[in-house]
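Biologist: Could you pull up the model for me? I'd like to know what lies behind the words people use for it.

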Amino acid sequence: VDFANIKFLVRLTQLIIETLNKDKQNVWKICFLPFYNENHNDVKLYKNLLNKIDFKGIRYFIAPEFTSTDSMLLMIRSCHLFINMRYHATLLSLKYNIPTISICLDTHRHYYNKIHYIQNFFNNTNFIDISKFNKNRFVTMITKEIDKI
């Protein structure tokens with residue numbers, strides 16, 4: 001999310017990379033999917049983020065800013081694991097039964113209410129409020145979802 005702390009996003013991405021690198025059964029590729037395209041906000045954020053990250057051999061790419069909902073949904077449906085901080089990303093991934101881990105920017109009241117509503121509606125326990133972020137819990141969530149693949 002473009003209003004999240006960049007240091008947190010770097011740390012979060014590094015945790016994801018470290019966890020994926022421990023999985024020797026799958027070959028992973030990370031897709032950074034732009035959701036907020038006004039002024040290319042997400043793409044700018046991703047480019048800034050990517051300059052600060054060592055991907056340690058994990059392939060990655062920034063998806064194009066979709067102009068077609070169908071194209072975006074095809075991309076989402078092709079994911080094996082969805083880690084996000086966006087309301088609509090959470091909603092769509094859970095709707096399509098994609099394993100989803102959502103980080104809730106709980107300092108943003110509007111997001112907090114919407115994300116927690118989705119959490120309850122889909123009965124999904126893979127949600128973490130940023131103010132309660134715990135590295136071990138996050139890694140455990142990713143590992144649990146990888147083990148299901």
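Modeller: Sure, let's go through those words one at a time, bearing in mind that this is a predicted model.

Biologist: What makes the size of the chain agree with a compact globule?

Modeller: The rule for a compact globule of 149 residues gives a radius of gyration near 15 Å, and the chain has 15 Å, so the two agree. The C-alpha atoms fill a box of roughly 35 × 35 × 30 Å along the principal axes.

Biologist: And how do you know which elements it has, and in what order?

Modeller: The DSSP runs give six helices and five strands. From the N terminus on, they go α-β-α-β-α-β-α-β-α-β-α.

Biologist: Why is the set with L12 and I30 called a nonpolar core?

Modeller: A nonpolar core needs buried residues of the nonpolar kinds, joined through side-chain atoms within 4.5 Å, so that is what this set is. The largest one has 31 residues, and L12, I30, M85, I103, F133 and F138 touch the most other members. Helix α1 gives the largest share, eight residues. Apart from this core lies another, of 11 residues, including A63 and F66.

Biologist: What makes I16 a contact of I30?

Modeller: Contact takes heavy atoms within 4.5 Å, so I16 counts because it meets that cut-off with I30. Other contacts of I30 include L20, F55 and Y60.

Biologist: Why are Y87 and L92 of α4 called buried?

Modeller: Buried means under 20% relative accessible area, so both fall below that. The buried residues of α4 pack against α3, β3, β4, α5 and β5.

Methods:
Residues numbered from 1 in each chain as written. Predicted model: local features only at pLDDT ≥ 70, side-chain atom pairs only at ≥ 80, totals over all residues. Heavy atoms only, no water. Buried < 20%, exposed > 50% of the residue type's maximum accessible area, 1.4 Å probe, protein only. Helix = DSSP H or I, 4+ residues; strand = E, 2+ residues; numbered from the N terminus. Rg over C-alpha atoms; globule rule 2.2 N^0.38 Å. Lists of a residue's contacts leave out its neighbours within four places in sequence.
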